[in-house]
Amino acid sequence: MDRSFLSRPEVVKASRDFICIRAMTYESAEEAKILEKLWGHGKLQNTVFTIMSPEAKPLFRGRRTPHELFRSPAQLAQYMYKVSRYYTSKSGSNELPLVDSLRLGLNVAACDHLPVAIVVGSTDSQRKELEAKLAKLSWSDKFIGKLTYVSSTPKEVRKRLGKNYSNGFLFAMPDQFGTTASVVTNLGSSATDGDLERAMQKTITQRPQTSKSHHLHVMEGKRLGVNWQTAIPVTDPHALRARARRPFQR
Amino acid sequence: MLARFIVLISLLMLCASEVKANQEKIGWIPTLKQGFEKAKETNKPIFLLSAAPQCLGISGAW
């Protein structure tokens with residue numbers, strides 16, 4: 001994923017007037033059908049980028065990255081401002097931006113070098129109640145985009161993290177490959193807004209956000225036998241060719 | 001001398017992590033369903049990116 005545009009302040013500022021969706025390619029058959037339509041020219045690629053109206057009508061055919069359409073982050077931001085001025089936005093409800101599963105959430109958090117906030121609840125209604133407590137903070141200026149959020153059961157949490165946790169909130173740092181996480185703060189279900197805010201603040205400053213070399217990351221993953229199974233087969237021809245070769249073969 | 005050097009490096013690392021933590025980021029919604037619903041509700045346009053959270057089968061990297 002191209003991060004050079006997406007971390008630029010002018011693009012981040014412009015993004016506040018958008019609903020920013022980042023789907024996980026190959027992790028949902030249902031989403032893949034929509035993404036393939038948006039791509040519009042052949043099989044689904046690893047990355048798809050587009051900008052759409054509020055009714056989800058694409059303003060242009062899907063591209064792999066913003067680079068393909070915009071010469072610079074400033075040009076992208078300018079386009080985004082023009083588009084956002086066209087629509088009169090309304091305020092909406094704050095829902096916690098949940099990744100579909102703990103397994104996927106840990107992976108995504110590792111990809112982003114971000115901590116993960118895990119809502120733990122034995123039943124749907126318990127989880128919904130806890131999610132609502134965290135939702136407003138997750139969209140606040142202080143924390144927007146700085147954590148990955150997942151909602152899960154104690155059983156699944158035990159399976160992934162290797163320890164028992166009762167209903168409540170876990171703030172954790174994923175390992176390098178997103179296969180597990182180390183808990184930084186564990187709060188019960190009666191945690192107050194102040195408790196949650198302090199825990200989130202502590203977690204986001206917990207460790208330096210060093211950038212690891214992509215090449216070394218993949219080599220080490222291969223050496224350790226890491227093997228992520230996608231929900232549906234990969235169809236990007238570039239990725240398939242790379243998989244067919246031995247890694248880093250010259 | 002060494003102790004001072006260690007303290008200085010630790011302070012620099014702490015500042016770096018605070019700076020990184022304070023850097024603004026895009027607030028992503030991770031599913032199409034939730035995102036499309038929120039766009040309809042708020043009448044905001046959509047900035048959509050899909051990416052694969054693995055490389056050659058290795059998780060933890062886009």
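This is a short tour of a predicted model with chains A and B, stop by stop.

**Stop 1: the interface**

Start by colouring chain A and chain B separately, then select whatever touches across the boundary. You should pick up 84 residues from chain A and 45 residues from chain B. Together the two chains bury about 6,200 Å², and 63% of that area is on carbon and sulfur atoms. Now show A:I19, A:I21 and A:R22 as sticks: this trio supplies 13% of the area that chain A buries against chain B, more than any other three residues.

Next, look for charge pairs across the boundary. Between chain A and chain B the count is one salt bridge. To find it, select B:E24 and A:R16, whose side chains come together at 3.2 Å, N to O. Polar contacts between the chains add up to 31 residue pairs, counting pairs with both residues at pLDDT 80 or more. If you colour the side of chain A that touches chain B by residue class, you get 44 nonpolar, 23 polar and 17 charged residues.

**Stop 2: a strand pair across the chains**

Switch to cartoon and keep the interface in view. Which strands pair across the two chains? Strand β1 of chain A, residues 19-24, runs parallel to strand β1 of chain B, residues 28-29, with two bridges between them. Zoom in on A:I21, whose bridge partner in β1(B) is B:I29. A:I21 is also one of the three residues in the trio from the first stop. If you want the background: strands in a sheet pair through backbone hydrogen bonds, in either a parallel or an antiparallel sense.

**Stop 3: the five-stranded sheet of chain A**

Hide chain B for now. Chain A has an open sheet of five strands, ordered β3-β5-β4-β6-β7, with mixed pairing. At the edges are β3 (98-99) and β7 (181-188), and each has a single partner strand, so one side of each has no neighbour in the sheet. Select β3(A) together with β5 (residues 148-152) to see a parallel pairing over two bridges. One residue pair to label there is A:V99, which has A:V150 as its bridge partner in β5(A).

**Stop 4: the loop between β2 and α3**

Stay on chain A and select A:L69, which sits in the loop between β2 (48-52) and α3 (73-86). Is the residue buried or exposed? Neither quite fits: A:L69 has a relative accessible area of 31%, so it counts as partly exposed. Outside its neighbours within four places in sequence, A:L69 contacts A:F60, A:R63 and A:Q75. Try a distance label to A:T50 as well: the two C-alpha atoms are 9.9 Å apart, with 19 residues separating them along the chain.

A:A56 is in the loop between β2 and α3 too. Check its backbone: phi of A:A56 is near 65 degrees, which is positive in a residue other than glycine. Most residues other than glycine have a negative phi. A:A56 is partly exposed, at 24% relative accessibility.

**Stop 5: positive phi in chain B**

Bring chain B back and select B:N43, in the loop between α2 (32-42) and β2 (46-51) of that chain. Phi of B:N43 is near 55 degrees, again a positive value in a residue other than glycine. Its relative accessibility is 21%, so B:N43 counts as partly exposed.

**Stop 6: salt bridges within chain A**

Over all chains, the whole structure has 12 salt bridges. Here are a few to click through.

- A:D124 and A:R127 meet with N and O 2.5 Å apart. Both lie in helix α5 (residues 124-138) of chain A, three residues apart, about one turn of the helix. A:D124 counts as exposed at 58% relative accessibility, whereas A:R127 counts as buried at 13%.
- A:R223 and A:E220 meet at 4.0 Å, N to O. They share helix α8 (residues 214-224) of chain A and are three residues apart, about one turn of the helix. A:R223 is exposed at 63%, while A:E220 is partly exposed at 29%.
- A:E10 pairs with A:R8, with 3.3 Å between the closest N and O atoms. A:E10 is partly exposed at 23% relative accessibility, and A:R8 is partly exposed at 38%.

Conventions: Residues are numbered from 1 along each chain as its sequence is written. Chains are lettered from A and ligands numbered from 1 in the order in which they are written. This is a predicted model: local features need pLDDT of at least 70, side-chain atom pairs count only at pLDDT 80 or more; totals for chains, interfaces and linings use all residues. Side-chain values use heavy atoms; hydrogens and water are left out. Contact means heavy atoms within 4.5 Å. Buried area is the accessible area (1.4 Å probe) that two parts lose on being put together, summed over both. A polar contact is a pair of N or O atoms within 3.5 Å; within protein, one must be able to donate a hydrogen and the other to accept it, and residues adjacent in sequence count only if both atoms are side-chain atoms. Ala, Val, Leu, Ile, Met, Phe, Trp, Tyr, Cys and Pro count as nonpolar, Asp, Glu, Lys and Arg as charged, and the others, Gly among them, as polar. Two strands pair if DSSP finds at least two bridges between them. Helices (H or I, at least four residues) and strands (E, at least two) are DSSP runs, numbered from the N terminus. Buried means under 20% relative accessible area, exposed over 50%, partly exposed in between (1.4 Å probe, protein chains only).
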